[in-house]
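Got your viewer running? Load the model and keep the selection box handy, and we'll go stop by stop.

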Amino acid sequence: MRIICTDNYEQMSKKAANIVASQIILKPNSVLGLATGSTPIGMYKQLIKTYKDGHIDFEEVTTFNLDEYYGLNKQNEQSYYYYMYENFFKYINIDMNKVNIPDGTAVNIDSECLEYERKIRNCGGIDLQVLGIGTNGHIGFNEPDIKFEALTHIVELDEQTIKDNSRFFNSIKDVPTKAISMGIKTIMRAKKIILLASGIEKSDAIYKAIYGKITPNLPASVLQLHPDVTFILDKDAASKLNIEKIKEDYL
């Protein structure tokens, strides 16, 4: 595990974007696992700039998103398909045929989940997975108590997650209560993982994910077992960590 502590959100975003850009430069046909939410937006903006400056090319890149709300179609402004297109894809030269996001309106959800896993496997697996973290320690939409061996599946969203995500909706009543999410096992199969966290409200989850007991009660704690994971944090998210010890141990 590597831990990178930055002074602010902008620096965190640039560090993350540099790692993603390096992955693409070294392997132009990389398979990327992508996250949504407010945290990675700065990273996507930096990647767009890097692309427009001519330093990276997305033409051969394949992407798999972590999750999608159940019941929302692509055109819904709160869907993660809409989020990815409006915040990232429409500004770069990615082949949309190589973009993969779970279908939240699939008639047969079990088949959709199995097909998503098949596509990831047929692409050779995910080279670099980008993660955020919930205040309850979830990664993707894998809520506390979800088994570590879970593959892509339908999830009942935790009350805390619904509350946290209500800021994106007109009312908490509008927030979907279910989602399709890559499972912990799917995430852990990625060759490399970076986790981004910003804000004081994430500090407790970050501390427990790094130093706490490995338990499904704190899903992100399983990342302690991954051979190549990097936490990229702003100073608020890292506020409960011993920064000097981190510099000594990891940097």
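Some vocabulary before the sheets: two strands pair if DSSP finds at least two bridges between them. The elements themselves are DSSP runs numbered from the N terminus, with helices being H or I of at least four residues and strands being E of at least two. This is a predicted model, where local features need pLDDT of at least 70 and side-chain atom pairs count only at pLDDT 80 or more, while totals for chains, interfaces and linings use all residues. Residues are numbered from 1 along each chain as its sequence is written, and side-chain values use heavy atoms, with hydrogens and water left out.

**Stop 1: the seven-strand sheet**

Colour by secondary structure and look for an open sheet of seven strands, ordered 1-10-9-6-2-3-5 with parallel pairing. Its edges are strand 1 (2-6) and strand 5 (99-100), and each of them pairs on one side only. Now select 31-34 and 128-131: these are strand 2 and strand 6, paired in the parallel sense over two bridges. Click G33 and you'll find its bridge partner, Q129, in strand 6.

Next, step off strand 5 to I101, which sits in the loop between that strand and helix 4 (109-122). I101 has 14% relative accessibility and counts as buried (buried is under 20% relative accessible area, exposed over 50%, partly exposed in between, with a 1.4 Å probe and protein chains only). Draw a C-alpha to C-alpha distance from I101 to L66: 7.6 Å in space, for residues 35 apart in sequence.

**Stop 2: the three-strand sheet**

Here the order is 4-8-7, again an open sheet, with antiparallel pairing. Strand 4 (67-69) and strand 7 (153-156) each have a single partner strand, so one side of each is left without a neighbour in the sheet. Strand to strand, the twist averages 30° (axes are lines fitted to C-alpha atoms, and angles run from 0 to 180 degrees between N-to-C directions). Select 178-181 for strand 8, which pairs with strand 7 over four antiparallel bridges. One to click is V155, whose bridge partner in strand 8 is A179.

**Stop 3: the largest pocket**

Which residues lie nearest the centre of the largest pocket? Select G37, I133, H138, N165 and K202; the full lining has 27 residues. A pocket here is an open set of points on a 1 Å grid over the protein atoms alone, where a 1.4 Å probe fits and protein lies on both sides within 12 Å along at least five of seven lines; lining residues have an atom within 4 Å of a point. Strand 4 and helix 5 (159-165) are the elements that give two or more residues to that lining.

Now add the "active site" positions from the unreviewed UniProt entry: D67, N136, H138 and E143. Such annotations may be inferred rather than shown by experiment. From this set, D67 and H138 are in the pocket lining. D67 belongs to strand 4 and, at 5% relative accessibility, is buried.

**Stop 4: the cysteines**

How many disulfides are there? Zero, taking a disulfide as a pair of cysteine sulfur atoms within 2.5 Å. Select C113 to see why: the closest cysteine sulfur, in C123, is 17 Å from its own, too far for a bond. C113 is buried at 5% relative accessible area, whereas C5 is partly exposed at 31%.
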